[in-house]
Amino acid sequence: PHCYPSEPIFVSSDRIDAEEDEGVLLSQVYDGMRRESFLLVLDAQTMTVKAKCYLGETSPRTPMPFHGQFIPS
């Protein structure tokens, strides 16, 4: 709740014998409760969280992209 993701970007595995969907999805997410953005890294095959990296309060604010932003009603 209170998190607004941008359109994810697929980064494929660099292995020669990799499966079609082997890799990660990257998405910038704005956390409205913390008023801070983070980078979300998901396993593209299982959709499980591999990493979540907050920018820190001292970091400059990262603007959310307009295209692909999802905000539930």
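F38 is buried, with a relative accessibility of 5%. Buried here means under 20% relative accessible area, exposed means over 50%, and partly exposed lies in between (1.4 Å probe, protein chains only). F38 lies in strand β4. The model is predicted, so local features need pLDDT of at least 70 and side-chain atom pairs count only at pLDDT 80 or more, while totals for chains, interfaces and linings use all residues. Residues are numbered from 1 along each chain as its sequence is written, and side-chain values use heavy atoms, with hydrogens and water left out.

F38 forms an aromatic pair with Y54. Rings of Phe, Tyr and Trp (its six-membered ring) pair if their centres lie within 6.5 Å; planes under 30 degrees apart count as stacked, over 60 as edge-to-face, and the rest as tilted. The structure holds one such pair. The F38 and Y54 rings are tilted, at 4.8 Å centre to centre and 50 degrees between the planes. Y54 lies in strand β5, so the pair ties together parts that are 16 residues apart in sequence. Unlike the buried F38, Y54 is partly exposed, with a relative accessible area of 23%.

The protein has zero helices and five strands. Helices (H or I, at least four residues) and strands (E, at least two) are DSSP runs, numbered from the N terminus. Along the sequence the pattern reads β-β-β-β-β.

Strand pairing was examined next. Two strands pair if DSSP finds at least two bridges between them. β1 and β3 pair in the antiparallel sense over three bridges. In this pairing P5 stands opposite V29 of β3. β2 and β3 also run antiparallel, joined by four bridges. Here I9 has L26 of β3 as its bridge partner. β3 and β4 pair in the antiparallel sense over eight bridges. Y30 has S37 of β4 as its bridge partner. β4 in turn pairs with β5 (residues 49-54), antiparallel, over five bridges. V41 stands opposite A51 in β5.

Two hairpins show a positive phi. The hairpin of β3 and β4 has four residues between the strands, and R35 takes a positive phi near 55 degrees. The hairpin of β4 and β5 has five residues between the strands, and M47 takes a positive phi near 60 degrees.

F38 also belongs to the largest nonpolar core. A nonpolar core is a set of buried Ala, Val, Leu, Ile, Met, Phe, Trp, Tyr and Cys residues joined through side-chain atoms within 4.5 Å. This core has six residues: L25, V29, F38, L40, L42 and A44. Two elements, β3 (23-31) and β4 (36-43), give two or more residues to this core. β4 gives the most, with three residues. In soluble globular proteins, nonpolar side chains tend to be buried together.

L25, one of the core residues, has contacts with several parts of the chain. Contact means heavy atoms within 4.5 Å. Leaving aside neighbours within four places in sequence, L25 is in contact with P8, I9, F10, L40, V41, L42, A44 and M47.

Two loop residues are also buried. S6 sits in the loop between β1 (3-5) and β2 (9-12). S6 has a relative accessible area of 8% and is therefore buried. The C-alpha atoms of S6 and Y30 are separated by 8.3 Å, although the two are 24 residues apart along the chain. E22 sits in the loop between β2 and β3. E22 counts as buried because its relative accessibility is 17%. E22 and F10 are 12 residues apart in sequence and 9.5 Å apart in space, C-alpha to C-alpha. Beyond its neighbours within four places in sequence, E22 is in contact with F10, V11, S12, S13, R15 and Q45.

Cysteines were considered last. A disulfide is a pair of cysteine sulfur atoms within 2.5 Å, and by this rule the count is zero. C3 is partly exposed, with a relative accessible area of 31%. C53 is partly exposed too, at 46%.

For the protein as a whole, 22% of the 73 residues count as buried. Residues 24 or more positions apart account for 32% of the contacts with a separation of 6 or more. The accessible surface comes to about 5600 Å², of which 59% belongs to carbon and sulfur atoms. Accessible areas come from the Shrake-Rupley method with a 1.4 Å probe; for residues, only the protein chains shown count as cover.
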